[in-house]
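Let's take a friendly walk through this structure, strand by strand and contact by contact. Have the sequence and the 3D view at hand.

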Amino acid sequence: MLNRNLHLRPAPGSIGGFMLVEVLVTTVILTIGLLGIIGLQTMALSSSHLSSLRTEAMVMASDMADRMRANLGAVNAPAGSRYDDAVASQNGCRAAYANSTEPAPVSCTPQELAADDIFDWVDLIGQDIPGGAGAVCLDSTPDDGVPATPACDGVGNAYAIKVWWTERSTSTQGVTVRRYVMTVRP
């Protein structure tokens with residue numbers, strides 16, 4: 001008996017070029033897909049980093065608010081001896097600082113503790129946040145100012161805790177200065 005399907009089979013080698021084109025197209029599609037996934041992963045990592053910087057700024061502002069609540073003597077003091085007037089200085093009022101430890105803390109007035117709080121807080125911001133800076137002041141318009149000039153007007157009874165930092169969101173964009181402001185009435 002003769003094989004009737006003989007004439008339906010293509011000649012050997014006539015489909016080899018077609019399979020090569022299929023493999024090439026598949027490779028191109030796979031490469032484009034992988035490049036897309038890499039781009040999404042890079043974007044996700046960048047967004048995660050920016051989010052962590054914003055979270056750190058919020059934590060730092062909350063830290064200062066807690067320090068102020070713990071030292072109401074300096075918060076409620078007359079003008080000239082409050083947190084908004086304090087000049088940052090390490091007075092040894094606590095045992096542990098951002099950069100050092102004291103063998104035994106000394107007894108401090110509320111105003112000295114406020115200056116000590118500001119010193120330690122600004123130091124922590126500089127260590128934990130790139131290009132970080134902070135300010136504590138009485139301010140009726142808290143959402144203004146830049147790191148060098150926080151634009152505090154000294155009006156009102158609400159403290160503004162301002163934290164600035166620098167961030168680079170993408171490689172094509174330059175460095176951007178960001179700000180987080182918390183208003184506190186301790």
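## The sheet

A good place to begin is the pairing of β2 with β3, which is antiparallel and spans nine bridges. Bear in mind as you look around that this is a predicted model. One bridge to find on screen joins A160 to its partner T183 in β3.

On to β1: six bridges connect this strand to β2, again in the antiparallel sense. Among the residue pairs here, C137 has A160 of β2 as its bridge partner, and A135 stands opposite K162 in β2. Put together, the three strands make an open sheet in the order β1-β2-β3, with antiparallel pairing. β1 and β3 are the edge strands, each pairing on one side only. From one strand to the next, the twist averages 20°.

## A helix on the sheet, and an enclosed strand

Helix α3 packs on this sheet, where it touches β1 and β2. The direction of α3 makes about 145° with that of β1.

Is β2 largely enclosed or not? Eight of its nine residues are buried, so β2 is largely enclosed by the rest of the structure.

## The nonpolar core

The largest nonpolar core has 24 residues, and those touching the most other members are Y83, V136 and I161. At least two core residues come from each of α1 (16-70), α2 (72-75), α3 (110-128), β1 (133-138), β2 (159-167) and β3 (176-184). Which element gives the largest share? That is α1, with seven residues.

V136 is worth selecting in your viewer. Leaving aside residues up to four places away in sequence, V136 touches M64, M68, Y83, D84, I118, W121, Y159, A160 and I161. Two of the names in that list, Y83 and I161, appeared above with V136 as the core residues that touch the most other members.

## An aromatic pair

How many aromatic pairs does the structure hold? There is one. Its partners are Y97 and F119, arranged edge-to-face, with 6.4 Å from centre to centre and 75° between the planes. Y97 sits in the loop between α2 and α3, while F119 belongs to helix α3, so the pair ties together parts that are 22 residues apart in sequence.

Are these two rings' residues buried or partly exposed? Y97 has 9% relative accessibility and counts as buried because the cut-off is under 20%. F119, at 27%, counts as partly exposed because that value falls between the 20% and 50% limits.

Terms used: Residues are numbered from 1 along each chain as its sequence is written. This is a predicted model: local features need pLDDT of at least 70, side-chain atom pairs count only at pLDDT 80 or more; totals for chains, interfaces and linings use all residues. Side-chain values use heavy atoms; hydrogens and water are left out. A nonpolar core is a set of buried Ala, Val, Leu, Ile, Met, Phe, Trp, Tyr and Cys residues joined through side-chain atoms within 4.5 Å. Buried means under 20% relative accessible area, exposed over 50%, partly exposed in between (1.4 Å probe, protein chains only). Helices (H or I, at least four residues) and strands (E, at least two) are DSSP runs, numbered from the N terminus. Contact means heavy atoms within 4.5 Å. Two strands pair if DSSP finds at least two bridges between them. Axes are lines fitted to C-alpha atoms, for helices over the stretch in contact, and angles run from 0 to 180 degrees between N-to-C directions. Rings of Phe, Tyr and Trp (its six-membered ring) pair if their centres lie within 6.5 Å; planes under 30 degrees apart count as stacked, over 60 as edge-to-face and the rest as tilted.
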